[in-house]
Amino acid sequence: MFTRIHNGKRNEQKMIWTSLLQTTAYDFLRNHAHLGDRIMLLGLGGSYAYGTNQEGSDIDLRGVTLQLPWDLIGLTEFEQFQDSDTDTSML
């Protein structure tokens with residue numbers, strides 16, 4: 001449950017974004033070599049993060065992932081991952 005206080009009112013939204021992450025649209029979070037169990041931080045961005053969301057607002061996710069060892073020693077390169085369908089950015 002995501003709880004937000006706005007204009008002195010307690011506004012509880014059943015933001016089941018953890019359930020949303022289990023849908024096939026977010027399979028890349030589990031299956032991509034640079035993501036999966038390497039995700040260190042994952043949170044809301046956009047209108048939900050700023051508290052300006054309205055009915056029909058999309059859910060933007062932003063996150064940080066731990067680089068793979070071969071990225072760190074320069075054998076491969078990973079700058080960021082973006083999924084435009086779900087508006088998810090991972091650095």
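**Notebook: helix α2, ring pairs and one sheet**

I started with helix α2, where Asp 27 and Arg 30 both sit, 3 residues apart, about one turn of the helix. The model I am reading is a predicted one. I checked whether the side chains of these two residues meet, and Asp 27 does form a salt bridge with Arg 30, with 2.4 Å between the closest N and O atoms. Next I looked up the accessibility of each partner. Asp 27 has a relative accessible area of 28%, so I noted this residue as partly exposed. Arg 30 comes to 35% relative accessibility and also counts as partly exposed.

**Second salt bridge**

How many salt bridges does the count give? I get 2 salt bridges. Besides the one in helix α2, I found Arg 62 and Asp 87 joined through their side chains, at 3.7 Å from N to O. This pair links distant parts of the chain, 25 residues apart: Arg 62 belongs to strand β4 (residues 60-65), while Asp 87 is in the loop between β5 and β6 (88-90). I wrote down 34% relative accessibility for Arg 62, which makes this residue partly exposed. For Asp 87 the value is 29%, and Asp 87 too is partly exposed.

**Aromatic rings**

I then turned to the rings and counted 2 aromatic pairs. One of them is Tyr 26 with Phe 28, a tilted pair with 6.0 Å from centre to centre and 35° between the planes. I checked burial here, and both Tyr 26 and Phe 28 are buried. Why is the pair of Phe 28 and Phe 81 stacked? The ring centres of Phe 28 and Phe 81 are 5.3 Å apart and the planes stand at 25°, so I entered the pair as stacked; the cut-off for stacking is under 30 degrees.

I looked up where these two rings sit. Phe 28 is in helix α2 (residues 27-31) and Phe 81 is in strand β5 (residues 81-83), so this pair ties together parts that are 53 residues apart in sequence. Phe 28 and Phe 81 are both buried. Taken together, ring pairs link Tyr 26, Phe 28 and Phe 81 into a cluster.

**The sheet**

Strand β5 led me to the sheet. In what order do the 4 strands of the open sheet stand? I read the order as β3-β4-β6-β5, and the pairing is mixed. At the edges are β3 (39-45) and β5, each with a single partner strand, so one side of each has no neighbour in the sheet. I also noted the twist: neighbouring strands of this sheet are turned by 15° against each other on average, direction ignored.

I went through two of the strand pairings. β3 and β4 run antiparallel and are joined by 6 bridges. Across this pairing, I find Leu 41 opposite Val 64 in β4. β4 and β6, on the other hand, pair in the parallel sense over 3 bridges. I looked up Arg 62 again here, and its bridge partner in β6 is Ser 89. Arg 62 therefore appears twice in my notes, with Ser 89 as a bridge partner and with Asp 87 in a salt bridge, and its 34% relative accessibility counts as partly exposed.

Definitions and conventions: Residues are numbered from 1 along each chain as its sequence is written. This is a predicted model: local features need pLDDT of at least 70, side-chain atom pairs count only at pLDDT 80 or more; totals for chains, interfaces and linings use all residues. Side-chain values use heavy atoms; hydrogens and water are left out. Rings of Phe, Tyr and Trp (its six-membered ring) pair if their centres lie within 6.5 Å; planes under 30 degrees apart count as stacked, over 60 as edge-to-face and the rest as tilted. Buried means under 20% relative accessible area, exposed over 50%, partly exposed in between (1.4 Å probe, protein chains only). A salt bridge is a side-chain nitrogen of Lys or Arg within 4 Å of a carboxyl oxygen of Asp or Glu. Two strands pair if DSSP finds at least two bridges between them. Axes are lines fitted to C-alpha atoms, for helices over the stretch in contact, and angles run from 0 to 180 degrees between N-to-C directions.
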